[in-house]
Amino acid sequence: MLDPKLLRNDLPLVAERLSVRNFKLDQDALSELDRRRKALQQRTEELQAERNSRAKTIGQAKSRGEDIEPLLAENSRMGDELENARDALAEVQAELDAILLTLPNMVDASVPRGRDEADNLELRKVGTPPSFSYEPLDHVDIGARRSALDFETATKLTGSRFAVLRGELAMLHRALIQFMLDVHTREHGYVEINVPYVVNAETLKGTGQLPKFEDDLFRLVWGDVGTRADAGATGNDYYLIPTSEVPVTNTVRDTILEVSELPVRYTCHSPCFRSEAGSYGRDTRGLIRQHQFEKVEMVQVVHPDESYAALEQMTGHAETILQKLGLAYRVVVLCGGDIGFAAAKTYDIEVWLPAQKTYREISSVSNCTDFQARRMQARFRDPTTRKTELLHTLNGSGLAVGRTLIAIMENYQQEDGSVAVPEALQPYTGGVRTVLQP
RNA sequence: GGAGAGGUGGCCGAGUGGUCGAAGGCGCCAGCCUGGAAAGUUGGUAUACGGGGUAACCCGUAUCGAGGGUUCGAAUCCCUCUCUCUCCGCCA
């Protein structure tokens, strides 16, 4: 959520910042709504003050044993007026809140304007893509051996966009997770955390997925489907997490941290569930875009002065994984048209995929500034003023496990169809150095 | 799933209709005391929004798990929801 004070005091500035995202802010509607809110609030509070003072007078009169009947009669007329004012205020406030919750974060000044991913800015290329003496296979063909990567069975079990991993490929997948967690905890100072994969609506609101992006989520319905479908009305709405950023970041919701507790650094392995609504026909082949995938996430909660340094640092942490695995990648800064709802600045890391002969996203690292913190009421206490202030939150993949597996399969493929295991990973494969041998 | 008990400030805990943002304690901050500290002692110690003031600050409103109701007036009474704890059942 954006700062309501800023919205009141400098709407044009907000509109300008949001225009970088190609988001058009209806300034007139917003300021008119706020003007009404203010008038109604003052009127309501006036009436409440009067009611309070009268009630107090009655109480005092009664305690002196005086006759309070005349006072009561005088008061009976106030009720309706107060109620009307209160209702009108609540209505306008709700309208205003609804708008506020759908406004995206303001992007940092360094974020370039642009329409879509084509306008993202490449910052650096690291590593050299491998060369092959033959036309490299893609991961689907490589994984076909002994049904190590099995989409048919997954379709039978569930439907499209799911996969079954078997044998050495399942083992390699697991090794990757453990490798990443170990690097982040032992070398990068993160605390490993394990969290629920099912969360409530409040949690999703905190990180910004709700109310605007419900279509991207899997919502749980249980028990009697007929009566539970509208479970939200009774407070029972649970969703599968689209990323562990959601539960991990929300661990600091409604808390006030001391400066000594900062920065908070968590790394978390979890499955992620995404409906992929609106991506029909995209990446339909292979493991690239699935309804369920696994990810090792990094989350930091930091002092506002530190967040942009933390963004660079976290990007470096994700890059370290790729470097250790010997994979070529590039780093891009997302343009206004491609950046996510909650982020003020995002770096995408894209790994080289030989079969596609292109770089594909494998990590996304974002500084969400105070946007999520305000929604979550995640604050710290300034040691000098003793006042509470909003924290800054960051999240980044370190890395998407499925896509890392793809990258290894394609980049480390050998002419006989087997896949070499990167050296850094071998301690995690029990010394196995090649998988999917003929 | 059944039965019961409970959710009050950073924490513990009192408060069953009136001047209660809420006793008391702990913690924290500041002063005094001390060579310094502990102990002692005095004072302070929530958040949000609105209004006023250059500012320190002052005034108003709201907040005692959440929402609704009763009432001139609700932390206190009623209803719904939610979470926690105890016992029983079931279960990886």
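**The surface near RNA strand B**

Colleague: Which helix gives the largest share of the surface near RNA strand B?

Modeller: This is a predicted model, in which local features need pLDDT of at least 70 and side-chain atom pairs count only at 80 or more, while totals for chains, interfaces and linings use all residues. Residues are numbered from 1 along each chain as written, chains are lettered from A and ligands numbered from 1 in written order, and side-chain values use heavy atoms, without hydrogens or water. A helix is a DSSP run of H or I with at least four residues, counted from the N terminus. The largest share, 16 residues, comes from helix 3.

Colleague: How many residues surround RNA strand B?

Modeller: Near means that a heavy atom of the residue lies within 4 Å of the strand. Arg8, Lys38, Gln41, Gln48 and Ala55 are the closest. The residues that surround RNA strand B number 23.

Colleague: What percentage of the atoms of RNA strand B within 4 Å of the protein do sugar and phosphate account for?

Modeller: The count covers those atoms of RNA strand B that come within 4 Å of the protein. Of these, sugar and phosphate make up 65%.

Colleague: Which residue places a polar side-chain atom 3.0 Å from a base nitrogen of RNA strand B?

Modeller: Polar side-chain atoms of two glutamines face sugar or linking oxygens of the strand, Gln41 at 2.6 Å and Gln48 at 2.8 Å. The base nitrogen, at 3.0 Å, is paired with Glu45.

Colleague: Which elements give two or more residues to this surface?

Modeller: The residues divide into four nonpolar, 10 polar and nine charged. The contributing elements are helix 1, helix 3 and helix 4 (69-75).

Note on methods. Polar contact = N/O pair within 3.5 Å; in protein donor to acceptor, adjacent residues only side chain to side chain. Nonpolar A, V, L, I, M, F, W, Y, C, P; charged D, E, K, R; others polar.
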